[in-house]
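User: Hi! Could you walk me through some strands in this one?
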Amino acid sequence: LNRGFTEMHCMSGHSNFVSCVCIIPPSDLYPRGLIATGGNDHNICIFTIDNPAPLYMLKGHKNTVCSLSSGKFGTLLSGSWDTTAKVWLNDRCMMTLQGHTAAIWAVKILPEQGLMLTGSADKTIKLWKAGRCERTFTGHEDCVRGLAILSETEFLSCANDASVRRWQISGECLQVYYGHTNYIYSISVFPRCKDFITTGEDRSLRIWKQGECTQTIRLPAQSVWCCCVLDNGDIVVGASDGIIRVFTESLERTASAEEIQAFENELAQASIDPKTGDLGDINADDLPGREHLKDPGTRDGQTRLIKDNGKVEAYQWSVSEGRWIKIGDVVGSSGATQQTSGKVLFEGKEYDYVFTIDVNENGPSYKLPYNITDDPWLTAYNFLQKNDLNPMFLDQVAKFIMDNTKGQTLLSTSNQFSDPFTGAGRYVPGSSSGLSTVPGADPFTGAGRYVPGSASNVVPPVGGVDPFTGMGAYQSTAAKVENIYFPKKDAVTFDQANPTQILGKLKELNGSAAEEHKLTEDDLIILEKLLSATCNASAETPTAQQLQTLWRAVNWPEDIVFPALDILRLSVRHPTVNENFCSEKEHVQFIILLLKFLNPKGKQANQLLALRALCNCFVSHAGQKLMMEQRDEIMTQAIETKSGNNKSIHIALATLTLNYAVCLHKVNNIEGKAQCLSVISTVMEVVQDLEAIFRLLVALGTLISDDTNAVQLAKSLGVDSQIKKYASVSEPAKVKECCRFVLNLL
């Protein structure tokens with residue numbers, strides 16, 4: 001009878017060690033599910049069950065990928081030493097979650113759609129919703145190593161501070177569990193209850209029931225890296241001796257007497273290093289002899305040390321067998337203290353050295369991490385690049401490294417096992433305490449270049465009334481309603497204007513402006529001509545002089561600038577003006593100016609007009625190109641204006657999102673769509689005004705039309721449950737109808 005497991009495949013695809021594995025549940029396309037692995041080579045490999053070679057690889061992280069979690073609809077969440085987490089859909093990166101300042105060692109997708117958790121070496125856990133950080137959980141005193149989900153509202157975390165914490169999604173810590181004597185690496189929950197298991201650097205697997213540690217199973221290996229509970233309640237652990245062990249409560253699956261004896265012998269021969277603190281402070285002289293084992297233990301997993309012929313031995317009490325089982329000899333080995341092992345933690349990774357380099361007397365000092373295996377010249381070069389320092393220091397820094405690591409040769413690592421999280425061979429007690437973490441060196445640069453002329457499946461427009469302007473009273477009929485709403489083909493602009501009023505206000509404010517800002521009578525006439533050239537379909541083309549005058553006016557102080565901004569909003573619709581402000585040479589100043597006005601602490605009139613001006617930029621090719629190139633910046637700033645409950649601002653923000661959706665529908669840029677979906681989801685939560693909601697719904701419909709990836713992403717962000725309530729709005733009918741068309745796609 002073979003109660004065990006047999007090896008089916010040896011899958012390979014990584015060029016260096018594999019640090020995490022995760023199952024992607026079955027789907028229509030892959031009815032048996034997939035397997036994802038993350039590696040030290042910065043890549044993620046995706047395998048089918050039947051093939052030892054990868055189906056495809058996911059590239060994008062800039063350092064080791066050390067944690068993976070899969071969600072519904074084919075989403076995969078990855079965490080990396082590069083301080084970011086990434087959300088993948090099939091073979092594409094949808095979004096990058098930025099905010100941690102050190103390696104992300106644990107990630108989990110929560111059952112409620114759109115919610116994700118990340119745990120980091122910066123000691124914090126973050127909750128993300130639709131790609132934005134909603135909340136940061138603080139409490140752990142050292143690197144967070146593992147996360148486990150209890151329910152839609154609760155989760156557990158374990159850390160290098162040897163504690164487990166139970167949290168509510170809303171932010172409060174409900175309970176702290178102590179029991180381990182060292183780093184806890186992994187945590188896993190029993191199916192259908194709140195009991196859980198943990199493993200760590202103290203050679204143990206611990207089983208927790210009703211909040212108490214009810215059983216401790218010692219293993220013949222120092223580091224027990226990972227654990228998981230199978231559906232049948234069996235427990236699987238992987239340890240630093242390269243062996244996977246399965247523990248069970250079921251009698252028919254229990255190993256044979258020989259196997260159990262072999263495990264006990266292995267345990268009895270293990271040598272325990274007293275410096276690790278696994279068994280508390282040990283003073284060999286004070287220990288009792290073998291007679292101490294005649295007294296029975298008081299609880300399962302209790303440890304007792306005895307001294308026999310000058311040798312210290314460790315035993316553990318087994319309640320089920322009513323006897324003390326030897327778990328190893330205590331030896332004074334090469335102690336793993338920071339002084340002796342020399343490993344130093346920096347930004348969540350372990351190094352042989354972390355030097356402090358002062359480039360000049362009064363400037364800041366920089367940290368330079370270095371492993372004996374590294375090339376000193378390459379390390380010096382990367383250090384100068386990362387800190388933006390003068391390359392002429394190269395020789396000096398390389399020489400400094402060589403001088404300070406003299407005589408250090410590489411130890412043989414053939415028999416050592418490497419920590420899949422930090423890449424280190426042994427843990428270092430206390431090495432990470434009080435270490436300042438430096439913000440990650442590779443911030444997200446934002447993808448999504450504009451690709452002119454890329455194919456788009458454009459559907460010819462359907463007849464019907466324009467729901468934006470309401471031209472021709474819109475009639476809802478009993479006939480089958482046609483989808484006249486999306487995908488929208490053209491940008492929506494803000495055209496309403498009253499030139500007389502705008503100029504009147506400009507003149508009035510000019511009168512009270514400080515001398516250096518005052519416009520002359522001629523300037524005012526020039527601006528009046530510009531307004532008439534851009535508002536009336538006259539044949540006149542705006543002149544360079546007019547645009548220079550406008551530029552001076554929009555740089556007025558923010559309490560009086562709004563009429564000038566309004567002229568900018570109207571004139572940027574004109575191809576000449578659009579080309580002038582959005583072209584290669586001018587656009588940086590132009591975007592900086594508009595983004596400055598989007599500050600949520602600034603005046604609401606300026607926020608509104610800046611958003612409207614950005615919407616109107618989309619009318620010409622130059623404007624579209626600029627808006628797409630600067631999408632990441634613009635969207636990140638614009639979304640902040642949602643906080644003030646101003647209906648007009650909300651409509652302008654929704655329109656900006658819609659105009660992005662129109663462009664993204666044409667170029668099929670999934671990263672851009674992901675950002676847009678995240679904005680729609682975030683803005684939907686605060687907006688009350690139905691016109692703004694309608695525009696967001698059209699944006700949503702446009703983004704997901706003809707794109708199954710975008711549909712899956714919208715579902716995984718939980719957008720469908722967010723918009724359901726609008727399917728029953730009675731007035732205006734366009735909201736309800738548009739919402740139903742969107743829900744049909746989801």
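Analyst: Happy to; we'll take the strands and their pairing step by step, keeping in mind that this is a predicted model.

User: Cool. In what order do the strands of the open sheet come?
Analyst: The order is β1-β2-β3-β4, four strands with antiparallel pairing. At the edges are β1 (18-24) and β4 (56-58), each of which pairs on one side only. On average, neighbouring strands in this sheet are turned by 25° against each other, direction ignored.

User: How many bridges join β2 to β3?
Analyst: Five bridges link β2 (residues 34-39) with β3 (residues 44-48), and the two run antiparallel. One pair to look for: T37 has C45 in β3 as its bridge partner.

User: New topic: is β22 mostly covered or mostly open?
Analyst: Mostly covered: five of the five residues in β22 (residues 235-239) are buried. Both faces are covered, with I235, V237 and A239 on one side and V236 and G238 on the other.

User: And what does β22 pair with?
Analyst: Strand β21 (residues 224-229) is joined to β22 by five bridges, running antiparallel. β22 also pairs with β23 (residues 244-247), in the antiparallel sense over four bridges.

User: Which residues stand across from V237?
Analyst: V237 is the bridge partner of C227, and V237 also stands opposite R245 in β23.

User: What about the hairpins?
Analyst: The hairpin of β21 and β22 has five residues between the strands, and G233 there takes a positive phi near 90°. In the hairpin of β22 and β23, four residues lie between the strands, and G242 has a positive phi near 80°.

Conventions
Residues numbered from 1 in each chain as written. Predicted model: local features only at pLDDT ≥ 70, side-chain atom pairs only at ≥ 80, totals over all residues. Heavy atoms only, no water. Pairing = 2+ DSSP bridges. Axes fitted to C-alpha atoms, helices over the stretch in contact; angles between N-to-C directions. Buried < 20%, exposed > 50% of the residue type's maximum accessible area, 1.4 Å probe, protein only.
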